[in-house]
Amino acid sequence: MKLVADKDSREFYLGESTKRIREVAGIEEVTISQYLNSYGRIKDVEVAKMLFSVIVDTIVHRENMKAVKRVLNELIKLEKTLQEKKRVLSEKDAEEMKKAIEKHLRIEKYMASFYRELSEDLNQPEVLRDIRIFQANEELHHKILENLLKYYL
Ligand SMILES: [Fe+2]
């Protein structure tokens with residue numbers, strides 16, 4: 001993978017990735033319909049089970065690629081707004097930030113426990129790994145926000 005430090009190249013790189021991801025999501029889509037077609041014609045249960053697992057993985061790939069594409073699009077927009085920020089913070093802003101952070105600390109805590117409970121309930125390995133990663137992300141967000149709150153105290 002090419003690492004690009006300067007902003008315009010990074011933007012170009014993200015744009016190119018978005019295009020390629022769209023293509024791949026399309027390929028996954030076509031592949032799924034072809035697999036489903038074959039799956040419908042299979043009579044033997046053992047053969048059907050093998051193809052079943054491939055179909056489920058392919059569905060997970062398609063949906064993840066669609067999500068990654070949307071994430072990259074939002075990331076490009078968000079990075080542009082970050083470049084416009086300065087280092088200015090009034091007392092009023094700090095007070096508002098503290099309140100907002102405290103609210104989000106509760107949300108992150110709830111989300112972490114939600115993903116933990118969901119991972120305990122689900123037994124589909126195709127999605128379980130992602131759910132566990134989300135749980136770890138939410139725990140990390142909680143820690144980041146705790147540190148951010150200290151910054152405003
Ligand atoms: Fe979060």
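**Notebook: a predicted four-helix model**

I began at Arg62, which touches Ala25, Glu28, Glu29 and Ile32 once residues up to four places away in sequence are left out. I noted that this is a predicted model, and I read every value below with that in mind.

**Entry on Arg62.** I looked up where Arg62 sits: helix α2, residues 45-83. Is Arg62 buried or exposed? I counted 19 other C-beta atoms within 10 Å of Arg62. A buried residue needs 20 or more, so Arg62 is classed as partly exposed. I then went along the chain to Leu78, 16 residues from Arg62. The C-alpha atoms of Arg62 and Leu78 are 24 Å apart.

**Entry on Tyr35.** Next I took a residue of helix α1, which covers residues 7-41. Tyr35 lies in this helix. Which residues does Tyr35 contact, leaving aside neighbours within four places in sequence? I found Leu51, Val54, Ile55 and Thr58. Tyr35 has 16 other C-beta atoms within 10 Å. That number lies between the exposed limit of 12 or fewer and the buried limit of 20 or more, so I wrote down partly exposed for Tyr35. I also checked Tyr35 against Ala25, 10 residues away in sequence. From C-alpha to C-alpha, Tyr35 and Ala25 are 15 Å apart. I had already met Ala25 among the residues that Arg62 touches.

**Entry on Gly15.** I stayed in helix α1 for Gly15. Gly15 has 13 C-beta neighbours inside 10 Å. Exposed would require 12 or fewer, so Gly15 counts as partly exposed. How far is Gly15 from Leu72 in space? The two are 57 residues apart along the chain, yet their C-alpha atoms are separated by 8.1 Å.

**Entry on Leu89.** I moved to the loop between α2 and α3, where Leu89 lies. I found 11 C-beta neighbours inside 10 Å of Leu89. The limit for exposed is 12 or fewer, so Leu89 is exposed. I looked up Tyr152 as a partner for the distance check. Leu89 and Tyr152 are 63 residues apart in sequence. In space I read 9.9 Å between their C-alpha atoms.

**Entry on α3 and α4.** I then turned to a helix pair: α3 is residues 91-121 and α4 is residues 125-152. They pack at an angle of about 160°, and their axes are 8 Å apart. Angles over 145 degrees count as roughly antiparallel, so α3 is roughly antiparallel to α4. What is the handedness of the crossing of α3 and α4? I noted it as left-handed.

**Entry on the whole protein.** Last, I stepped back. I counted four helices and zero strands. From the N terminus, the order is α-α-α-α. I found the protein divided into domain 1, residues 1-85, and domain 2, residues 87-153. The C-alpha centres of domain 1 and domain 2 lie 26 Å apart.

I checked the overall size too. The C-alpha trace spans about 70 × 40 × 20 Å along its principal axes. The radius of gyration is 21 Å, whereas a compact globule of 153 residues would have one near 15 Å. How many of the 153 residues are buried, as a percentage? I read 3%. I also looked at contacts between residues at least 6 apart in sequence. Of these, 64% join residues at least 24 apart.

Notes: Residues are numbered from 1 along each chain as its sequence is written. This is a predicted model: local features need pLDDT of at least 70, side-chain atom pairs count only at pLDDT 80 or more; totals for chains, interfaces and linings use all residues. Domain bounds come from an automatic or database domain assignment. Helices (H or I, at least four residues) and strands (E, at least two) are DSSP runs, numbered from the N terminus. The radius of gyration is taken over C-alpha atoms; the globule rule is 2.2 Å times the number of residues to the power 0.38. Two residues are in contact if their C-beta atoms, placed from the backbone, lie within 7 Å. Axes are lines fitted to C-alpha atoms, for helices over the stretch in contact, and angles run from 0 to 180 degrees between N-to-C directions. Angles under 35 degrees count as roughly parallel, over 145 as roughly antiparallel, 65 to 115 as roughly perpendicular and the rest as oblique. A crossing is left-handed if the near helix is turned anticlockwise from the far one by less than a right angle, and right-handed if clockwise.
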